[in-house]
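Here is my note on the chain you sent round. Please read it with the coordinates open.

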Amino acid sequence: MNKNLKRIMALVLVLGTVSAVAPATNFNILTTKAYASDDENDETTLKSLELKTSSNSTIRLYDDSDYDSDNKIDDDEVKDDGKYYAKTSSSKISIDIDGPSTKYVKVFKGTSSSTKGRSITEDISLSSGTNTFIVRVYYNKPDSNVRYDDGDVASEYTLKVKYTGSDSDSSTSTSTDKADSYDDIYLRKLSVESESIPLSDSKIVYAYNVASNIDEVTVKAEPDYDYYTVKIGGKEVDEDDKWKTTVSLKTGLNEFKIKIEDDDKNDERVYTLNITRGNTGTSNEASVTAGTTTTSKVSQWVQVNGRWQYNDDLGIAVKNSWFFDRTMGKRYFLQADGSMATGWLFNNGKWYYLGTNGAMNTGWIIDQGKYYYLNDDGSMAANTKIGLYKLGSDGAWIR
């Protein structure tokens, strides 16, 4: 029986019982206008449901997994308890709805009883193969930590989304990232010395660089929900610690595992934070001799085929990744053509994006559906305007 019909019948029975025992002189209490509470939802079904790629293109919906053109479904044709199919090469999607307020709607990835609902406004990363999502509308505003088995559900919609792309399609994904092997549990924020590191659902390995005279830093790893257990380098942190701890650094590469688990220990994810402390035996400055540039091959910016790249402490170029250079002191200034100018730039820490070949990017780039602008020296612009486009404190274009 339809859920709404059940509720209406129950209300009729209650009113009938009250009217049978209520004095006639007080019958007006049954006709007094009633107002729903702020937490009660009067839009219990979706008027439309639409899938979008990270570049905001619409993904077609079908009512059958054969994706035949005769089975296409318009976004306003979705029905309660319906099952719909889609396929896309985009590694990240979003869901747009019309009808109820988004505060009454949650999305679940999978149907495990411990699966936690996420906001309908959040971007969703796809795993290889077919991904199952349940979109639920609630009669009342659900708790922020609502699980799949919780809440008074008014209507629900099943989405079967097939990911046809590959891991290499994601600009932030690397061969060392196995994010899809983990559960649907994430960090909200990650920072070193209060410098925020851009996070991606499809990436679990991040790099950070400090000067050779820095022997400890403060790492903050804030989870999506405060009931998650977080360990940084084996040490547990919580809300009382503001999710922070101080870690010691040796010269060269320092690897820290950041593990998060839910309260019943069923779901977990492990991030790797690689912090490189500049080698004391090498200079972090470039020297200029007779018009040529000489650089160390490890923990340094180096020029390869006319383009700048950053080599880690093993001499391996950082690729497909954001990289934060916190090195203090004089640094060379990079011109638009990649050559080194005669002037110097005092660098107090900047974000760079290194591409698939390790080359430092400049200009506009798109990363996980967000636009960023990289200056001529490769550093990420933030808290400014590029032409008519305003960039926020995280560097992303504010739409």
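The points below go from the whole chain to the sheet, the cores and one serine.

1. Status and overall make-up. This is a predicted model. The chain holds 1 helix and 32 strands. It has 399 residues, and 45% of them are buried.

2. Contacts and surface. Take the contacts in the chain with a separation of 6 or more: 63% of them link residues 24 or more positions apart. The exposed area is about 20,600 Å². Carbon and sulfur atoms supply 46% of that area.

3. An open sheet. Seven strands make up this sheet, and the pairing is mixed. The order is β17-β16-β19-β20-β14-β25-β28. From one strand to the next, the twist averages 25°.

4. The sheet edges. Which strands stand at the edges? They are β17 (235-237) and β28 (350-354). Each has a single partner strand, so one side of each is left without a neighbour in the sheet.

5. The β14–β20 pair. Strand β20 covers residues 268-277. It runs parallel to β14, and 6 bridges join the two. One pairing to check on screen: Y206 has L273 in β20 as its bridge partner.

6. The largest nonpolar core. It contains 38 residues. V219, I258, L273 and I275 have the most contacts inside it. Strand β14 (residues 205-210) gives the largest share, 4 residues. L273 therefore turns up twice in this note: among the core residues with the most contacts, and as the bridge partner of Y206. As background, nonpolar side chains in soluble globular proteins tend to be buried together.

7. Around I258. What does I258 touch, leaving aside neighbours within four places in sequence? Its contacts are L187, L190, V219, A221, V230, K231, I232, R269, V270, Y271 and L273. V219 and L273 are on that list, and both are also among the core residues with the most contacts.

8. A second core. This one is separate and has 24 residues. Among them are I73, V107, L159 and Y163.

9. S196. This serine lies in strand β13 (residues 195-196). Is S196 buried, partly exposed or exposed? Its relative accessibility is 48%, so it counts as partly exposed. Not counting residues up to four places away in sequence, S196 touches L190, S191 and W351. L190 is also a contact of I258. The C-alpha atoms of S196 and F324 are separated by 9.5 Å. Along the chain, these two residues are 128 residues apart.

Terms used. Residues are numbered from 1 along each chain as its sequence is written. This is a predicted model: local features need pLDDT of at least 70, side-chain atom pairs count only at pLDDT 80 or more; totals for chains, interfaces and linings use all residues. Side-chain values use heavy atoms; hydrogens and water are left out. A nonpolar core is a set of buried Ala, Val, Leu, Ile, Met, Phe, Trp, Tyr and Cys residues joined through side-chain atoms within 4.5 Å. Buried means under 20% relative accessible area, exposed over 50%, partly exposed in between (1.4 Å probe, protein chains only). Contact means heavy atoms within 4.5 Å. Accessible areas come from the Shrake-Rupley method with a 1.4 Å probe; for residues, only the protein chains shown count as cover. Two strands pair if DSSP finds at least two bridges between them. Axes are lines fitted to C-alpha atoms, for helices over the stretch in contact, and angles run from 0 to 180 degrees between N-to-C directions.
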